[in-house]
Amino acid sequence: MGTSANRVSQPGAVRARITKDQLIVDLDDGRTISVPLAWYPRLVRGTEAEQNDWRLIGGGHGIHWEGLDEDISVEGLLAGVPSGESALSFEDWMHTRR
């Protein structure tokens, strides 16, 4: 008797918004996920205009903020994975913002 693996498709993002403390992402399967904004230091440091200037990438599998050079995957959000950026990389990025 054979078994078949169930394929679980990854939902895609349809909308992102940032509050004072959270990144909130609406998914195409009807769920909304929120994570601490503190997980993404570049988003924390962004202006309101930069935070609101996002676009979907990879057919909704990720979100990109051009002015902040930040990419966040839906997979990472669902897994509860904060930014993996090193302190040195973040420091270099902060120097470019001055």
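1. In this predicted model, the residue D69 is exposed, with a relative accessible area of 51%. The cut-off for that label is a value over 50%, so D69 counts as exposed. D69 forms a salt bridge with R42, and the closest N and O atoms of the two lie 3.6 Å apart. This pair links distant parts of the chain: D69 sits in the loop between β5 (62–65) and β6 (70–73), whereas R42 belongs to helix α1 (residues 41–45), and 27 residues separate them.

2. Is the partner, R42, buried or exposed? R42 is buried, because its relative accessible area is 7% and the label applies under 20%. The student should therefore note that this salt bridge pairs an exposed residue, D69, with a buried one, R42.

3. R42 also takes part in a salt bridge with E85, for which the closest N and O atoms are 2.5 Å apart. Here too, distant parts of the chain are linked: E85 lies in the loop between α3 (74–79) and α4 (87–96), R42 lies in helix α1, and the two are 43 residues apart. E85 is partly exposed, with a relative accessible area of 27%.

4. Salt bridges that share partners also join R15, R17 and D26 into one network. The count of salt bridges in the model comes to 6.

5. A further salt bridge is formed by D29 and R31, with 2.7 Å between the closest N and O atoms. How exposed is D29? D29 counts as partly exposed because its relative accessibility is 40%. R31 likewise counts as partly exposed, at 44%.

6. The nonpolar interior deserves separate attention. The largest nonpolar core has 19 residues, and those with the most contacts inside it are L23, V25, Y40, L43, W65, I72 and L77. Which elements supply at least two residues of this core each? They are β1 (13–18), β2 (22–27), β3 (32–36), β5, α3 and α4. As general background, nonpolar side chains in soluble globular proteins tend to be buried together.

7. W65 is one of the core residues with the most contacts inside the core. Leaving aside neighbours within four places in sequence, W65 is in contact with A16, I18, L23, L43, E50, Q51, D53, W54, E70 and I72. Among these contacts are L23, L43 and I72, which are also listed with W65 among the core residues that have the most contacts.

Key
Residues are numbered from 1 along each chain as its sequence is written. This is a predicted model: local features need pLDDT of at least 70, side-chain atom pairs count only at pLDDT 80 or more; totals for chains, interfaces and linings use all residues. Side-chain values use heavy atoms; hydrogens and water are left out. A salt bridge is a side-chain nitrogen of Lys or Arg within 4 Å of a carboxyl oxygen of Asp or Glu. Buried means under 20% relative accessible area, exposed over 50%, partly exposed in between (1.4 Å probe, protein chains only). Helices (H or I, at least four residues) and strands (E, at least two) are DSSP runs, numbered from the N terminus. A nonpolar core is a set of buried Ala, Val, Leu, Ile, Met, Phe, Trp, Tyr and Cys residues joined through side-chain atoms within 4.5 Å. Contact means heavy atoms within 4.5 Å.
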